[in-house]
Amino acid sequence: PPLGETFKSAYDKCMELIESNTPVQTYADFSLGEVDLIRDFGLITTKPQIYVVNMSKRNFLRKGNKWLPKIQTWVDEHGGG
């Protein structure tokens, strides 16, 4: 049977995001039907991401590290966290 319009729309949006190296999870304009279909695609870019920063206990407690702003910028540019 032919594929439904919702499937085609979800597929096209996902392919566009993947080809532009953008995590699928960052796209906010999927319909509920598309989201249900995308869950079945098994894309790794729809999974939650964890970012780990190696820093001293002292810097962690002070919340001070010269790299944190740069790391935060990178995370924001690559799908958030």
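Lys and Arg count here as positive and Asp and Glu as negative, with His and the chain ends not counted; each charge is placed at NZ of Lys, CZ of Arg, CG of Asp or CD of Glu. The structure is a predicted model, in which local features need pLDDT of at least 70 and side-chain atom pairs count only at pLDDT 80 or more, while totals for chains, interfaces and linings use all residues. Residues are numbered from 1 along each chain as its sequence is written, and side-chain values use heavy atoms, with hydrogens and water left out.

**View 1. Charged side chains and overall form of the protein chain.** There are 10 positive and 10 negative side chains in the protein chain, and the centres of the two sets are 22 Å apart. The chain contains 4 helices and 0 strands, where helices (H or I, at least four residues) and strands (E, at least two) are DSSP runs numbered from the N terminus. In sequence order the pattern is α-α-α-α. Along the principal axes, the C-alpha atoms occupy a box of roughly 60 × 20 × 15 Å. The radius of gyration of the protein chain is 18 Å, whereas a compact globule of 81 residues would have a value near 12 Å; the radius is taken over C-alpha atoms, and the globule rule is 2.2 Å times the number of residues to the power 0.38.

**View 2. Surface and contacts of the protein chain.** About 6700 Å² of the protein chain is exposed, and carbon and sulfur atoms supply 58% of this area. Accessible areas come from the Shrake-Rupley method with a 1.4 Å probe, and for residues only the protein chains shown count as cover. Of the 81 residues, 16% are buried; buried means under 20% relative accessible area, exposed over 50%, and partly exposed in between (1.4 Å probe, protein chains only). Of the contacts between residues at least 6 apart in sequence, 45% join residues at least 24 apart, a contact being heavy atoms within 4.5 Å.

**View 3. The largest nonpolar core and F30.** This core has 7 residues, namely A10, C14, L17, V24, F30, I38 and L43. Helix α1 gives the largest share of the core, 3 residues. A nonpolar core is a set of buried Ala, Val, Leu, Ile, Met, Phe, Trp, Tyr and Cys residues joined through side-chain atoms within 4.5 Å. Apart from its neighbours within four places in sequence, F30 contacts A10, K13, C14, L17, V24, V35 and I38.

**View 4. N21 in the loop between α1 and α2.** N21 is placed between α1 (5-19) and α2 (32-41). Its phi is positive, at about 60 degrees, although N21 is not a glycine. N21 is exposed, with 69% relative accessible area.

**View 5. R58 and N59 in helix α3.** N59 lies in α3, which covers residues 57-62, and R58 lies in α3 as well. N59 is buried, at 18% relative accessible area, whereas R58 is exposed, at 59%. Not counting residues up to four places away in sequence, N59 touches G64 and N65. R58 and V75 are 17 residues apart along the chain, and their C-alpha atoms are separated by 23 Å.

**View 6. V53 in the loop between α2 and α3.** V53 belongs to this loop and is partly exposed, with 32% relative accessibility. Residues up to four places away in sequence aside, V53 touches L68 and I71. From C-alpha to C-alpha, V53 and L68 are 8.5 Å apart in space, with their positions 15 residues apart in sequence numbering.
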